[in-house]
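Okay, thanks for making time, everyone. Let me put the structure up, and then I'll walk you through it.

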Amino acid sequence: RRVREAVVSTQSTGEKKETESLLPKTEEKVLSAEDKRKSIKQLIDRIPTQKDELFAFPLDWSVLDKDLMERRVKSWITKKIVEYIGEEEPSLCGFICSKILAKSSPENILQDVAIVLEEEAEVFVVKMWRLLIYETEAKKLGLVK
């Protein structure tokens, strides 16, 4: 009943056109959110899961800036190191981030972190490299800020 009254009151004030023009915008937002979700899924599906293919994937280093490192990558690395070691290890996280910013190869990073992470090193670097590819590609496509 209140909804009907609101529609009637907007019709009487001549604001009906304005209300109608808002509806397609709302629908567009829903569609763009759905399109964004589909684009993200397609991007994730394009990222290789096998180590050799993944490590051969060309990473666009120009997109990987310090802001992206701080916002997404460093926090992920910190979280994973806690999962593997059981405590925060700022020096290890900083070391890994510096290797990434120095554009080190994933094989080189794997070799270095294997000293600390041992058998978990490969899984860690594979997941991290997938994250790096996702974040850089998503940023290029405008899927993330």
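**A walk through the helices**

So, let's start with one residue: Asp67 is partly exposed, with a relative accessible area of 45%. Its salt-bridge partner is Arg71, and the closest N and O atoms sit 3.3 Å apart. Arg71 is partly exposed as well, at a relative accessible area of 38%. Why are those two separated by about one helical turn? Because they're four residues apart in helix 4. As a general reminder, an α-helix has 3.6 residues a turn, so residues three or four places apart point the same way.

Before going further: this is a predicted model, so please keep that in mind throughout.

Okay, stepping back to the whole chain. We've got seven helices and zero strands, so if you read along the sequence you just get α-α-α-α-α-α-α. There are 145 residues in the chain, and 29% of them are buried. For the contacts with a sequence separation of 6 or more, 67% come from residues 24 or more positions apart. As for the surface, the chain exposes about 9800 Å², with carbon and sulfur atoms supplying 53% of that.

Back to helix 4, which runs over residues 66-85. There's a kink of about 40 degrees in there, centred on Val73. Val73 is also one of the buried residues of this helix; the others are Leu68, Met69, Trp76, Ile77, Lys80 and Ile81. And yes, there's a lysine in that list. What do the buried residues of helix 4 pack against? They pack against helix 5 (90-101), helix 6 (106-117) and helix 7 (121-141). Then, just after helix 4, Gly86 takes a positive phi of about 100 degrees.

Now the core. The largest nonpolar core has 33 residues, and the ones touching the most other members are Ile77, Ile96, Ile100, Phe124, Met128 and Trp129. Helix 3 (51-56), helix 4, helix 5, helix 6 and helix 7 each give two or more residues to this core. Which helix gives the most? That's helix 7, with 11 residues. If you want one residue to click on, try Ile96: leaving out residues up to four places away in sequence, it touches Ile77, Ile81, Val113, Phe124 and Met128.

On the outside, there's a nonpolar surface patch of about 270 Å², made by Ile85, Ile115 and Val116. Ile85 belongs to helix 4, and at 33% relative accessibility it counts as partly exposed.

Next, the charges. Searching the whole structure turns up 11 salt bridges. You've seen one; here's another within a helix. Asp45 forms a salt bridge with Lys41, with the closest N and O atoms 3.1 Å apart. Both lie in helix 2 (residues 16-46), four residues apart, about one turn of the helix. Asp45 is exposed, with a relative accessible area of 53%, while Lys41 counts as partly exposed at 46% relative accessibility.

For contrast, look at Lys140 and Asp60. Their salt bridge has its closest N and O atoms 3.5 Å apart. This pair links distant parts of the chain: Lys140 is in helix 7, Asp60 is in the loop between helix 3 and helix 4, and they're 80 residues apart. Lys140 is partly exposed at 45% relative accessibility, and Asp60 is partly exposed too, at 22%.

That pair doesn't stand alone, either: Asp60, Glu137 and Lys140 are linked in a network of salt bridges. Glu137 sits in helix 7. Is Glu137 buried or exposed? Its relative accessible area is 10%, and the cut-off for buried is under 20%, so Glu137 is buried. Not counting residues up to four places away in sequence, Glu137 touches Leu43, Arg46, Phe57 and Pro58.

Last stop, the backbone in two loops. Lys103 is in the loop between helix 5 and helix 6, and its phi is near 60 degrees, a positive value in a residue other than glycine. Lys103 is exposed, with a relative accessible area of 53%. In the loop between helix 6 and helix 7 you find Glu118. Its phi is near 50 degrees, again a positive value in a residue other than glycine, and Glu118 counts as exposed at 54% relative accessibility.

That's my tour. Happy to rotate the view if anyone wants another look.

How values were computed:
Residues are numbered from 1 along each chain as its sequence is written. This is a predicted model: local features need pLDDT of at least 70, side-chain atom pairs count only at pLDDT 80 or more; totals for chains, interfaces and linings use all residues. Side-chain values use heavy atoms; hydrogens and water are left out. Buried means under 20% relative accessible area, exposed over 50%, partly exposed in between (1.4 Å probe, protein chains only). Contact means heavy atoms within 4.5 Å. Accessible areas come from the Shrake-Rupley method with a 1.4 Å probe; for residues, only the protein chains shown count as cover. The bend at a residue is the angle between axes fitted to the seven residues ending there and the seven starting there. A nonpolar core is a set of buried Ala, Val, Leu, Ile, Met, Phe, Trp, Tyr and Cys residues joined through side-chain atoms within 4.5 Å. Patches are made of residues with over 30% relative accessible area and no salt bridge: like charges are joined within 9 Å, nonpolar side chains (Val, Leu, Ile, Met, Phe, Trp, Tyr) within 5 Å. A salt bridge is a side-chain nitrogen of Lys or Arg within 4 Å of a carboxyl oxygen of Asp or Glu.
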